[in-house]
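Biologist: Could you take me slowly through the aromatic rings of this protein, and tell me which of them pair with one another and where in the chain they sit?

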Amino acid sequence: MARLLWSVSLLATGSLAQGIELYVQPPHTPGDPGGDGLSAFTGLSPVVDRELADDFTVTGPGWWIDTLQGHWTPDNTFDLTPITKVHVTFYHSDLGSVGTEFVQPNVVGTSVLMGSGMYLGRQERIVTVQFDPILFSPGQYFVHMQTEVQHNWFWLSSTPTSPVQGSPAHFRKGADADAGVDPNWPTQWTRMGSTDDDVFNDDYDLAFSLHGNPVPEPATIGLFGLGLGWLAYRKRKRSKA
């Protein structure tokens, strides 16, 4: 198997089956120039709360999204400290920046698989979070994904040598961070590449994909209705024969 099961943490009962891939920003090729991964985790002693979010665009009549899959790597490839939780929040986009909160999904299952990529000597992990389906209308959104673990974990960047898709990822220091932790991190969502300090001063996309099902086009719904009508007509015709 290309992806071996490393650990599974079921946060609630539910299958990890997922729908079709609706959106994808793949991890960049190992060894390519650019950032390999960006720190995004929450942990204790001291309290660390580093948050990242990246944008995506919903097309067509809309999407039903039920699965988020992110590409990550731990600080040490031999670190088997389990992820105890994965925080996920979706936001509206406000002129290409993180806007108001849209929804925090009801997570039903989380899994961590070994990936095939090696980044700075650390093996890739594929973190999959499944939740109750959420309806997204057409438009631009941001997704925030953050591991809860007692060691530093990094959300892998996507195609760092290519122009970003939409807007660059955004970052901030969460409200739970100790006052003395990460003094250069902003407390508000900030666009990467917009600061002059030593924290994320380049543009990056993050590696993730969204799965679920597209909302049917009106024409498809119409054809489906005609099909049901035809079946009902045939059934009535047979009953009269």
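Modeller: What follows is a close look at the aromatic rings. Please keep in mind that this is a predicted model, in which the count comes to 14 aromatic pairs. One of these pairs is formed by Phe56 and Phe90, whose rings are 6.1 Å apart from centre to centre, with 80° between the planes, and the arrangement is therefore edge-to-face, since planes over 60 degrees apart count as such. This pair links distant parts of the chain, because Phe56 belongs to strand E5 (residues 48–58) and Phe90 to strand E7 (residues 85–94), 34 residues apart. Both rings are hidden from the surroundings: Phe56 is buried because its relative accessible area is 1%, under the cut-off of 20%, and Phe90 is buried as well, with a relative accessible area of 0%.

A further pair is made by Trp155 and Phe208, whose ring centres lie 6.3 Å apart and whose planes meet at 65°, so this pair is edge-to-face too. Here again distant parts of the chain are linked, with Trp155 in strand E12 (residues 153–158) and Phe208 in strand E16 (residues 208–214), 53 residues apart. Trp155 is buried, with a relative accessible area of 0%, and Phe208 is likewise buried, its value being 0%.

These four residues, Phe56, Phe90, Trp155 and Phe208, belong to one aromatic cluster, which also takes in Tyr23, Trp72, Phe102, Phe131, Phe136 and Tyr141. Finally, a ring can also have a charge over it, as Phe154 shows: the charged end of Arg122 sits over the ring of Phe154, 4.9 Å from its centre.

Definitions and conventions:
Residues numbered from 1 in each chain as written. Predicted model: local features only at pLDDT ≥ 70, side-chain atom pairs only at ≥ 80, totals over all residues. Heavy atoms only, no water. Phe/Tyr/Trp six-rings, centres within 6.5 Å; stacked < 30°, edge-to-face > 60°. Helix = DSSP H or I, 4+ residues; strand = E, 2+ residues; numbered from the N terminus. Buried < 20%, exposed > 50% of the residue type's maximum accessible area, 1.4 Å probe, protein only. Lys NZ or Arg CZ within 6 Å of the ring centre and 35° of its normal.
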